[in-house]
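Hi,

Here is the structure I promised to pass on. Have a look at it first, and then read on for what turned up in it.

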Amino acid sequence: MTRVAVTSRSFSRHPVLRDELLERYPDVTFNDDGLRLTGNELIGFLKGHDKAITALEVLDAALFQAVPELRVVSKYGVGFDTIDLDAVADTGVKLGWTGGTNKRSVSELVISFAVQLLRHTPQAGTDVIDGTWAQHVGRQLSQRTVGIIGCGHVGKDLSILLRAFGCRVLAHDINDFPDFYAEAGVEPVGLEELLRKSDVVTLHLPIDGSTRNILS
């Protein structure tokens, strides 16, 4: 029987995901204690399992060597910066991931942050808690120019939501999406132009050698 380990704490707490997984794989070890698994503790948790659903845990060559029975890893979340992809290839482990599953959650969060920063609500909230009543003059998100660095799943979804605010949307990406840009009214520009013209800048890139510290 296939044994599955779920290291992800949020997946382990999600009743629907648990039920769906157990319907397919009856033998599942969930991270019910909410442990932050690292090093030998992570290796011990994964020992004896054929498949794993991981989130922020670091999966490196040493781990794959210590758990040779592990043949399939499903990444729950975005980004592979915690996974040694060379080690995955060398050991023949299959890596599964579905892009864009949480794009709407991230897009809505971006808009909420933008509104808060433009309206200075974090500082206003802190003032009220401290017993100070001060007027903070802010700006609306509506009609602002928003620059999106990285127009993948999240960037595209965010572009669509920003239509409701009448925003001008600029995008910078190493890939070109002419059909989407035309349909969504997005203007593709270089990075310097985006930074120069945008009222709000939001960054949606995987972390690797080409993107780390792209903004100072």
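The largest pocket comes out at about 780 Å³, and bear in mind that this is a pocket in a predicted model. Its lining runs to 30 residues, and if you want to centre your view there, Val78, Gly152, His204, Leu205 and Pro206 are the ones nearest the middle. By character, the lining splits into twelve nonpolar, 15 polar and three charged residues. Helix H8 accounts for the largest share of that lining, with three residues.

Next comes the second largest pocket, with a volume of about 550 Å³. It has 21 lining residues, and Phe11, Leu21, Ile53, Ser74 and Tyr76 sit closest to its centre. The lining here divides into eleven nonpolar, six polar and four charged residues. Which elements supply at least two residues each to this lining? They are helix H2 (15-24) and the strands E3 and E4. H2 gives the most, with four residues.

Two of the central residues in that second pocket also turn up in the strand pairing. Ile53 and Ser74 are among those closest to the pocket centre, and Ser74 in E4 is the bridge partner of Ile53. The strands concerned, E3 and E4 (residues 72-75), run parallel and are joined by four bridges. To get from E3 to E4 the chain goes through helix H4 (residues 61-66), making a β-α-β crossover that is right-handed.

E3 has another partner as well. Strand E1 (residues 4-6) pairs with E3 (residues 51-54), again in the parallel sense, over three bridges. If you want a residue pair to look for, Val4 is opposite Lys51 of E3. While you are looking at the strands, a general reminder: side chains in a regular strand alternate between the two faces of the sheet.

Now for the closed space. How many cavities of 30 Å³ or more does the structure hold? There is one, and the volume of the largest cavity is about 40 Å³. Its lining is made up of Val110, Ile111, Ala114, Leu141, Val146, Leu158, Leu162 and Val200. Sorted by character, that gives eight nonpolar residues, with no polar and no charged ones. Helices H6 (103-119) and H8 (153-162) each contribute at least two residues to the cavity lining, and the largest share, three residues, is from H6. H8 is worth keeping in view, as the same label came up above: this helix supplies at least two residues to the cavity lining and three residues to the lining of the largest pocket.

One last residue to click on is Arg9, which belongs to helix H1 (residues 9-13). Is Arg9 buried, exposed or partly exposed? Arg9 has a relative accessibility of 26%, so it counts as partly exposed, since that class lies between the 20% and 50% cut-offs. Leaving aside residues up to four places away in sequence, Arg9 touches Asn31, Gly34, Leu35 and Arg36. For one of these, Gly34, the C-alpha atom is 5.3 Å from that of Arg9, although the two residues are 25 apart along the chain.

If you open the model with the two pockets in mind, you could begin with His204, one of the residues nearest the centre of the largest pocket, and then move to Phe11, among those closest to the centre of the second largest.

Cheers

Terms used:
Residues numbered from 1 in each chain as written. Predicted model: local features only at pLDDT ≥ 70, side-chain atom pairs only at ≥ 80, totals over all residues. Heavy atoms only, no water. Pairing = 2+ DSSP bridges. Right-handed = clockwise from strand over helix to strand, strands pointing away. Buried < 20%, exposed > 50% of the residue type's maximum accessible area, 1.4 Å probe, protein only. Contact = heavy atoms within 4.5 Å. 1 Å grid on protein atoms, 1.4 Å probe; cavity = no way out; pocket = protein on both sides within 12 Å on 5 of 7 lines; lining within 4 Å. Points joined across faces, edges and corners; volume = space filled by probe spheres on them. Nonpolar A, V, L, I, M, F, W, Y, C, P; charged D, E, K, R; others polar.
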